[in-house]
Amino acid sequence: MTARKSGSRLETEIERCRSEGQWDKIPELVRQLSAKLISNDDLGELLLGESKLQQYLKENPIKQDASPRGNRPRLVEVRKHLTAALDRGNLKHDYLQEARLLMAKLCYVEGDYREALSQYGRVTLDELQLAGAPVYRLSMIAEAYATKGLCLEKVPPSSPSLTNKTMDRDQEIITCYEKSGDIALLYLQEVEKALSAGMQNRSPKPGPVAQEQELGYFLETGLQRAHVIHFKNGNLTRGVGRFREILRAVETRTTQNLRMTIARQLAEILLRGMCDQSYWSPLEDPPHHSPLDDPLKNTSHTKDYALSRRPRIYSGENLFCPQENTEEALLLLLISESMANRDAVLSRIPEHNSDRIISLQSASVVYDLLTIALGRRGQYEMLSECLERAMKFAFEEFHLWYQLALSLMAAGKSARAVKVLKECIRLKPDDPTIPLLAVKLCIGTLHWLDEGERFAKMVVDMGEKASEFRAKGYLALGLVFSLKATDASLRGMQEEYQKKALSAFQRAQSLSPTDHLAAFYLALQLAVSRQIPEALGYVRQALQLQGDDVHSLHLLALLLSAQKHYHDGLNIIEMALSEYPENFALLFTKVKLETLCRGPEDALLTCKHMLQIWKSCYNLTNPSDSGRGSSLLDRAIADRRQLNAMTLPDFSDPETGSVHATSIAASRVEQALSEVASSLQSSAPKQGPLHPWMTLAQIWLHAAEVYVGMGKPAEATACTQEAANLFPTSHHVLFMKGQVAELRGAMEEAKRWYEEALSISPTHVKTMQRLGLILHQLQRYSLAEKVLRDAVQVSSTAHEVWKSLGEVLQAQGNAGAATECFLTALELEASSPVLPFTIIPRML
Amino acid sequence: MLAMDQGVVEEWLSEFKTLPETAISSYATSLKEKGSLVPALYRVIRENYSDLLEPVCHQLFEFYRSGEPRLQRFTLQFLPELLWSYLSVGAGRDLHCSGCIEALLLGIYNLEIVDKDGQSKVLTFTVPSLSKPSVYHEPSTIGSLALTEGALANHGLSRVVYSGPYFQRETFTAQNRFEVLTFLLLCYNAALSYMSTTSLQSLCQLSSRVCICGYPRQQLRRYKGINTRMMVTSEFLVQLITGIHFALYNGESDLGSKALDDVLYRAQLELYPEALLVGNAIKSSIQGAALKSNKEGTRSIQVEITPTAPRISRNAVTSLSIRGHRWKRHETEENSVDSTDLSPAGTIPEISITGVGGERLGVANGEALRSRTEGEALGVAAEVGADPRGQQEGGSTFRDPSPRFLPARLRLPSHGLPQSRHNPAPLPPGKPRDAVDLGSPDELMEIAEEDEGFCRRAAAEGGGGGGVGGSGSPPTVVISNSCGASSPAPTSGKAAGKSQRRLLVGKSKEKEKEKEREREGLTAPDPRKLGGAGGRAMSENTEQLSLKRLTLTSSQSVPKSTTLSLSRTASSVFSRSFEQVSNVLAIATGNQGHRAPSPTPNSNHAPELNRYSVCSLQEEGLGYLAGRAEHTSPTPHHKQPSPSISVHLAPDL
């Protein structure tokens with residue numbers, strides 16, 4: 001820059017430096033200027049004064065609530081320049097005003113607020129032109145308003161005036177700040193525009209790198225002080241309004257941090273201080289009377305000033321404007337999140353420790369608020385995705401990991417949730433809740449029993465430390481063993497697991513005698529091992545603790561049926577149904593019991609009733625449960641297409657209990673489906689049906705069974721066909737087809753159906769039993785014996801299989817073994833319920 | 001109950017009945033002035049057996065049914081107390097003695113679940129999305145958003161049902177009880193701002209008691225009364241927490257935080273993730289905000305002036321500053337095969353305006369950055385889009401018998417290289433490729449190759465060749481043959497075309513990258529290996545410069561042992577921005593001179609290539625054809641009658 005610049009170019013350069021805040025270049029430029037035009041000396045003084053004042057402020061930034069500074073030598077120098085500029089009176093009008101503004105600012109810096117105010121009085125700020133003003137002047141005006149506001153706040157009202165006066169004064173202060181804020185935003189937008197234009201013009205030379213614009217104390221105050229005062233006065237309505245005004249202004253690089261903070265603060269206020277009914281949308285006028293405002297302070301709700309130029313706001317067609325409290329909070333939080341996320345400090349070197357903490361804090365506040373907002377609306381799926389983005393902050397941060405795990409769990413993403421929970425356990429090994437949550441997932445949809453056992457043992461091993469959770473730990477352990485017992489294919493293993501389960505449940509029950517679940521699961525385990533009277537005792541205890549627990553009632557009914565008190569059982573079921581009219585598990589048991597004590601017609605009526613319930617539940621029902629908008633039925637239809645594509649659909653097995661180890665393939669599909677289902681309806685009642693279509697198929701199969709019992713093959717075929725339409729390859733359907741064929745006397749066909757069913761689910765005991773019988777009828781005794789022995793191996797408590805085995809052995813002439821089988825069958829039959837006890841779900 | 005209370009309540013009962021329809025609204029305003037009425041009503045509700053309870057419940061229901069919002073809120077303020085009354089009586093096994101409260105609750109529920117026309121009401125809200133402009137933001141300024149499945153699904157605004165429709169209920173059953181109660185709390189929460197302090201206190205008490213009764217914590221809170229456990233559901237707890245959250249910041253911080261602790265305690269015992277999630281979040285945000293407890297019970301929502309300057313120091317590595325780095329890292333990994341063998345001497349200062357420095361350059365650079373991030377986003381999108389297709393194509397193409405041997409042959413060298421040289425922990429090929437779960441390693445390799453386009457294949461090939469040749473020269477390779485001429489089978493040609501197309505899609509977003517390949521001239525003996533590989537040649541020259549740069553970065557920041565994973569490239573293939581294209585091109589063209597072996601047409605073609613790539617972005621199908629035409633054209637220049645690999649040596653490195 002050695003070459004002399006022509007006058008106008010020089011002026012432009014000065015203007016640019018002033019608006020970009022490059023004060024260090026001003027003296028050099030002034031020298032050039034004064035060499036050029038002698039008459040402009042006053043302007044030179046002004047510029048020098050300004051640049052020195054700004055430099056001083058840059059080096060000694062004003063802090064909030066700091067005491068005013070005395071006369072520093074440098075400030076004296078500034079005053080000298082400014083006085084010189086003002087005194088001679090040669091300045092052009094615009095520059096004269098600028099000099100006054102600077103003088104006032106200087107007075108403020110020196111702590112002379114009254115003098116500053118009187119300077120402002122001479123300028124009449126409101127008359128300064130905003131339109132067409134050079135960029136730097138916008139900043140000056142904004143600063144002037146802010147400084148005036150500050151002075152007004154500092155100087156006590158001149159007279160001991162009336163309250164009315166102070167109100168006016170308060171209003172004047174706020175107006176100063178609001179104007180200052182608006183003009184500051186305008187200034188920042190203009191600077192950015194000028195900068196980007198400059199950058200394009202200036203290229204290819206790298207050019208002087210423009211520094212990050214810093215707002216400085218005055219602009220910062222101007223931008224924020226207004227809403228701070230609003231909230232201090234309890235005027236939430238105007239505070240929110242001010243926040244919105246600032247946020248609606250188009251973003252600039254400098255305001256990014258401000259916007260991030262304000263967006264978060266506004267979201268906080270929306271979530272903590274407002275509700276759906278007191279909400280008004282950003283484009284609406286605020287309500288006149290709002291419960292949000294302090295009723296004692298009567299302040300106006302609308303701003304009472306207008307500016308000739310306002311900052312640009314976001315505009316365009318189809319702008320999304322929130323219509324609801326949570327919507328606005330979410331939008332603001334998403335904006336805030338995107339910025340917080342961008343600032344995530346990733347390096348782990350110690351020097352950046354404090355930066356990292358800052359970035360972590362600002363992000364985790366946002367994520368917590370997001371959790372609150374989305375949790376309210378039940379949007380756990382979206383929440384889990386948001387929290388996943390938080391993971392870049394999460395190294396060794398327990399809270400973030402835990403929240404992610406919980407959100408995954410709530411969103412039904414069980415497998416991932418378990419993995420994240422593992423990390424949580426590592427970070428906080430003393431908290432018993434975490435492994436318990438993991439067990440809950442493992443024995444639920446995942447069916448990861450070994451993992452579950454490990455987690456449950458963690459809790460148990462905590463001993464006394466786990467306090468109330470210790471009992472839960474034993475309960476979890478018992479459930480794992482109980483499920484393992486059901487899965488085990490060897491009798492020895494089964495018995496061992498059952499023993500373990502029983503002792504764990506007993507421990508849980510003794511640790512927490514008031515927990516109905518402990519008593520209930522103890523009863524269930526006893527029932528499974530056919531200790532009916534003991535089981536009855538505990539189930540009664542459970543019912544005393546929790547009178548309307550559906551599973552306890554169900555178990556009681558089954559236990560009564562095992563004692564052949566069918567009528568009592570039916571009464572219990574009907575009582576339970578009065579409390580749980582839409583519980584299909586109870587209804588299925590009802591069908592069985594009704595067939596036994598009231599005849600098949602009643603059972604058929606119940607089936608019809610079930611179909612009606614099914615329709616009303618899933619036809620009209622709860623889109624609330626299904627994540628995004630569409631009704632559950634739509635979803636179910638979509639799922640149905642998937643179902644047809646799947647090869648091995650299986651529904652919670654009413655015959656052999658829940659998932660059997662050997663039908664893992666089938667259970668996988670079930671898992672997947674129920675995972676889908678639970679992710680769709682995180683708020684659905686958990687004990688509900690697994691999947692609507694599975695339930696429907698089950699209803700048809702039950703009806704078919706009743707028809708088979710009545711000897712009506714045509715109707716039974718029709719019902720089976722309905723089920724087959726839904727799940728053509730389910731072994732239940734195939735089994736039922738076999739039964740119908742048997743009823744029609746088509747033994748070969750029945751055999752074929754049974755074989756097909758077994759090829760899908762090789763451990764379906766009922767199929768094995770029927771197949772054994774058919775083989776027996778076809779006089780293929782040794783094969784029949786083999787099949788039946790396998791069946792006994794799978795389920796040692798199925799009395800019908802023992803009986804069939806006895807018959808086969810008898811036919812083979814093995815009377816001794818046959819007798820033993822018959823005796824076993826007899827014994828088992830005495831304690832056999834209408835449906836296996838294991839249909840009752842076991843979960844935490 | 002005091003006689004005075006009784007008088008107040010009786011007066012209240014009688015006056016509404018005689019009220020004309022028109023006076024309702026003024027009556028609603030006047031209710032506020034009756035200071036002793038509300039406490040008296042609370043007492044009536046608490047004393048369950050009072051004679052007044054039934055008329056009071058009836059009156060409250062009448063208020064609600066009137067439709068006047070202020071009267072409805074008057075009724076709603078008693079909701080927590082009514083709920084507690086109902087639940088505590090229920091817990092005492094005496095389910096039906098609170099008949100009138102039950103009727104009132106069901107009455108409100110049945111009124112609220114329908115809209116004015118009697119249709120089932122469905123509460124919905126719009127999930128805002130950053131990809132749509134709003135009154136508060138402009139999508140372009142947000143930068144690239146993570147392109148997750150969810151983000152794509154939410155592209156645009158989706159309306160979500162969060163409550164309803166519900167069935168009309170005539171009685172409470174165990175099954176519907178909490179559904180009804182949760183919905184009632186939802187209604188209460190919607191009017192939270194209008195609720196009095198007493199009501200909020202009552203809500204906190206309700207929450208505490210419901211959660212701890214019958215649990216060891218009950219002793220801690222010294223609450224005597226009911227000591228049987230009450231059932232709760234997760235959703236019910238979440239609604240309670242929502243109310244508590246409001247109470248916490250509106251004058252009830254002590255009671256509120258106690259209640260929150262109790263709810264969290266119960267949620268832990270019940271293992272309810274939803275309630276734990278929201279509760280934990282509130283707890284942690286309270287700690288952050290250092291809640292000021294105001295003795296006067298005023299609202300404690302306050303804000304402070306916050307510094308607007310960035311609080312994070314400029315030299316810290318942040319997600320923003322690393323955006324550029326991330327790609328470079330990949331690049332170095334992918335190129336480490338090449339670069340580790342190169343001497344680091346030929347370094348050229350890194351051309352990089354990424355990172356914090358770049359960010360602070362000002363607007364113009366900001367724009368550049370912005371466009372870069374958009375490019376990234378696009379790249380990812382394209383990648384996402386291309387992937388499944390890539391798999392399918394890969395699968396179907398290689399199922400054809402004729403080209404089957406192709407990947408197998410390729411796999412050998414590509415494996416051999418990294419393992420033998422510097423691969424302490426070899427990654428399975430293709431594994432890091434965006435975690436596409438695939439069956440056999442063969443498939444993996446195939447897909448990786450498909451996705452990467454030919455350069456990788458070629459690189460692997462040439463790498464092997466280089467090793468065998470023992471030339472000690474950088475083992476990078478380029479293939480500059482045409483694709484069609486004598487590829488072994490038509491199917492393979494088809495595969496090539498598809499790959500090219502994908503390549504082009506990638507290229508358009510990352511021309512810079514394309515220019516960054518160092519190539520050597522060497523003619524490979526087996527043309528079939530590269531049967532489908534066309535068109536990469538034109539970019540080779542321009543890549544000379546960048547490779548040097550890569551050398552630098554790798555020697556600086558990446559450990560020598562960087563695992564070579566060829567497939568890794570695939571993910572970074574789409575990562576370049578446009579910014580340096582022209583520069584690099586110019587330099588590359590300049591370099592042409594002393595890099596004699598490389599065919600001159602290439603540099604001429606480069607800009608066109610770019611152009612076509614852009615086309616291909618827009619209209620993939622057309623771009624594909626154009627791209628092929630473009631690629632086949634240089635063949636005559638090479639004077640190669642049959643497809644072959646030409647690997648150019650670059651001794652000057």
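What percentage of the 844 residues in chain A do buried residues make up? They make up 55%, where a residue is called buried if 20 or more other C-beta atoms lie within 10 Å of its own, exposed if 12 or fewer do, and partly exposed in between, with the C-beta atoms placed from the backbone.

Before going on, I should say that this is a predicted model, in which local features need a pLDDT of at least 70 and side-chain atom pairs count only at pLDDT 80 or more, while totals for chains, interfaces and linings use all residues. Residues are numbered from 1 along each chain as its sequence is written, and chains are lettered from A, with ligands numbered from 1, in the order in which they are written.

On confidence, pLDDT is the predictor's own score for each residue, from 0 to 100, and chain A averages 83, with 85% of its residues scoring at least 70. Over residues 203–210 of chain A, however, the pLDDT is below 50, and it stays under 50 over residues 621–690 of chain A as well. Where pLDDT is low, the predicted coordinates should not be read in detail.

Turning to the fold, chain A has 36 helices and 0 strands, these being DSSP runs numbered from the N terminus, H or I of at least four residues for helices and E of at least two for strands. The UniProt record, an unreviewed entry, places the feature "repeat: TPR" at residues 398–431, 731–764 and 799–832 of chain A, bearing in mind that such annotations may be inferred rather than shown by experiment. Residues 731–764 of chain A are 79% helix and 0% strand, with end C-alpha atoms 8 Å apart, and for residues 799–832 of chain A the helix share is 82%, the strand share 0% and the end C-alpha separation 8 Å.

Now the partner chain: 113 residues of chain A are in contact with 89 residues of chain B, contact meaning that the C-beta atoms of two residues, placed from the backbone, lie within 7 Å. Helix 13 of chain A, residues 353–376, gives the most to the side of chain A that touches chain B, with 12 residues.

One residue to look at is Val228(A), which is found in helix 9 of chain A, residues 216–232. Is Val228(A) buried, partly exposed or exposed? Val228(A) counts as partly exposed because it has 18 C-beta neighbours inside 10 Å. Across the interface, Val228(A) touches Val303(B), Glu304(B) and Ile305(B).

Key: Lists of a residue's contacts leave out its neighbours within four places in sequence.
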